[in-house]
Amino acid sequence: MKISYFGHSCFLVEINTIKILFDPFITPNELAKNINVSEIKSDFILISHGHEDHIADAVLMANKTGAKVVSNWEIISWMGKNGITKTHPMNTGGKWKFYKDSSTISDQEIKNFTVKCTNAVHSSSFPDGTYGGNPMGFLIESGKEKFYYSGDTALTTDMKLIGEYDKPAVAFLPIGDNFTMGIEDAVIAAEFAGCKKIIGLHYDTFGFIKINHGEAKKKFSDSGKELILMEIGEELEVEG
Ligand code: NI
Ligand code: MN
């Protein structure tokens with residue numbers, strides 16, 4: 001799979017030719033000022049929870065890309081009020097198979113992926129303070145590739161279920177501490193989820209979550225894992 005990083009928790013992951021954009025927060029992010037949002041193409045937008053730093057560009061990117069937005073019930077209703085109707089509501093524990101818009105059945109068989117909504121221990125409200133439903137993470141599977149995007153979360157023993165039954169090859173985990181788990185807990189989360197390759201997210205964007213990159217990578221490598229900290233704007237091919 002091919003991963004592009006747009007800062008904070010926002011990634012575009014291309015898996016089996018399907019482009020999935022996660023937690024669009026680009027235009028308000030000073031660190032991502034060189035990203036041109038008009039150049040981003042996406043088939044789906046997945047949103048983990050309602051906080052500003054995950055949803056700020058959701059309506060903008062849905063309009064620009066024409067992508068289908070997948071999130072919890074409350075966020076999908078909120079998108080609807082903002083004029084976005086190409087959507088699919090889910091909730092924690094639910095699973096659904098999505099097809100990339102394509103003309104032939106055989107094409108559909110290749111171009112599909114499954115989303116399973118995982119538990120995230122966090123909160124979720126909209127920028128105006130109203131209730132934003134359950135915060136969630138996502139397990140994504142397409143063909144032989146599988147990855148876990150945890151969203152904002154604390155370390156939780158629920159992640160052991162992922163390691164036991166789902167076994168994703170790659171995990172996107174928060175490492176910035178303060179609002180989510182920090183590096184030490186993320187190492188344990190990776191252990192629980194059975195992942196050796198971790199893409200870090202939710203760090204450096206604001207004062208409370210600045211981290212030491214060298215120290216973070218060492219803590220992961222000391223436990224036999226690789227922490228990848230992508231440059232904003234970087235593209236990376238990883239084995240999913
Ligand atoms: Ni949050
Ligand atoms: Mn956040």
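What is the relative accessible area of His213? It is 33%, so His213 counts as partly exposed. Buried means under 20% relative accessible area, exposed over 50%, and partly exposed in between, with a 1.4 Å probe and protein chains only.

Every view below shows a predicted model, in which local features need pLDDT of at least 70 and side-chain atom pairs count only at pLDDT 80 or more, while totals for chains, interfaces and linings use all residues. Residues are numbered from 1 along each chain as its sequence is written, chains are lettered from A and ligands numbered from 1 in the order in which they are written, and side-chain values use heavy atoms, with hydrogens and water left out.

**Figure 1. His213 and its surroundings in helix H7.** His213 lies in helix H7; helices (H or I, at least four residues) and strands (E, at least two) are DSSP runs, numbered from the N terminus. Setting aside neighbours within four places in sequence, His213 is in contact with Tyr203, Asp204 and Leu229. Contact here means heavy atoms within 4.5 Å. If you would like a distance to check, the C-alpha atoms of His213 and Glu234 are separated by 16 Å, with these positions 21 residues apart along the chain.

**Figure 2. The whole protein, as a setting for the close-ups.** The protein has seven helices and 14 strands. Its radius of gyration is 16 Å, close to the 18 Å that the globule rule gives for 240 residues, so the protein is as compact as a globular protein of that length. For that comparison, the radius is taken over C-alpha atoms, and the rule is 2.2 Å times the number of residues to the power 0.38. Along the principal axes, the C-alpha atoms fill a box of roughly 50 × 40 × 30 Å. Of the 240 residues, 52% count as buried. Among contacts with a separation of 6 or more, 60% come from residues 24 or more positions apart. The protein exposes about 10600 Å², and carbon and sulfur atoms supply 50% of that area. Accessible areas come from the Shrake-Rupley method with a 1.4 Å probe; for residues, only the protein chains shown count as cover.

**Figure 3. An open sheet of seven strands.** Follow the order E6-E5-E4-E3-E2-E1-E14, where the pairing is mixed. Two strands pair if DSSP finds at least two bridges between them. At the edges are strand E6 (87-90) and strand E14 (235-237), each pairing on one side only. From one strand to the next, the twist averages 20°.

**Figure 4. Strands E4 and E5, with two helices packed on the sheet.** Strand E4 (residues 44-46) and strand E5 (residues 68-72) run parallel and are joined by three bridges. One of the residues to look for is Phe44, whose bridge partner in E5 is Lys68. Helix H2 (residues 58-65) packs on the sheet, touching strand E3 (18-22), E4 and E5, and its direction makes about 170° with that of E4. Helix H3 (residues 73-81) packs on the sheet too, touching E5 and E6, with its direction at about 135° to that of E5. For these angles, axes are lines fitted to C-alpha atoms, for helices over the stretch in contact, and angles run from 0 to 180 degrees between N-to-C directions.

**Figure 5. The manganese ion (ligand 2) and its protein donors.** Asp53 (OD), His54 (NE2), Asp152 (OD) and His202 (NE2) are the protein donors, lying 2.2 Å from the manganese ion. Donors are N, O and S atoms within 2.8 Å of the metal (3.2 Å for Na, K and Ca); water is not among the atoms, so sites may look incomplete. Along the chain, the donors follow the spacing D-H-x97-D-x49-H. Asp152 bridges the manganese ion (ligand 2) and the nickel ion (ligand 1), which lie 3.0 Å apart. Asp152 and His202 link distant parts of the chain, 50 residues apart: Asp152 is in the loop between strand E10 (145-149) and helix H5 (159-166), and His202 is in the loop between strand E12 (197-201) and helix H7 (213-222). Both Asp152 and His202 are buried.

**Figure 6. Strand E11 (residues 170-174), mostly covered.** Five of its five residues are buried. Val170, Phe172 and Pro174 point one way from E11, whereas Ala171 and Leu173 point the other way. E10 and E11 pair in the parallel sense over three bridges. Tyr148 stands opposite Ala171 in E11.

**Figure 7. Asp23 and His202, two residues with positive phi.** Asp23 has a phi of about 45° although it is not a glycine. Look for Asp23 in the loop between E3 and E4; Asp23 is buried, with a relative accessible area of 0%. His202, not a glycine either, has a phi of about 60°. His202 is buried, with a relative accessible area of 1%.
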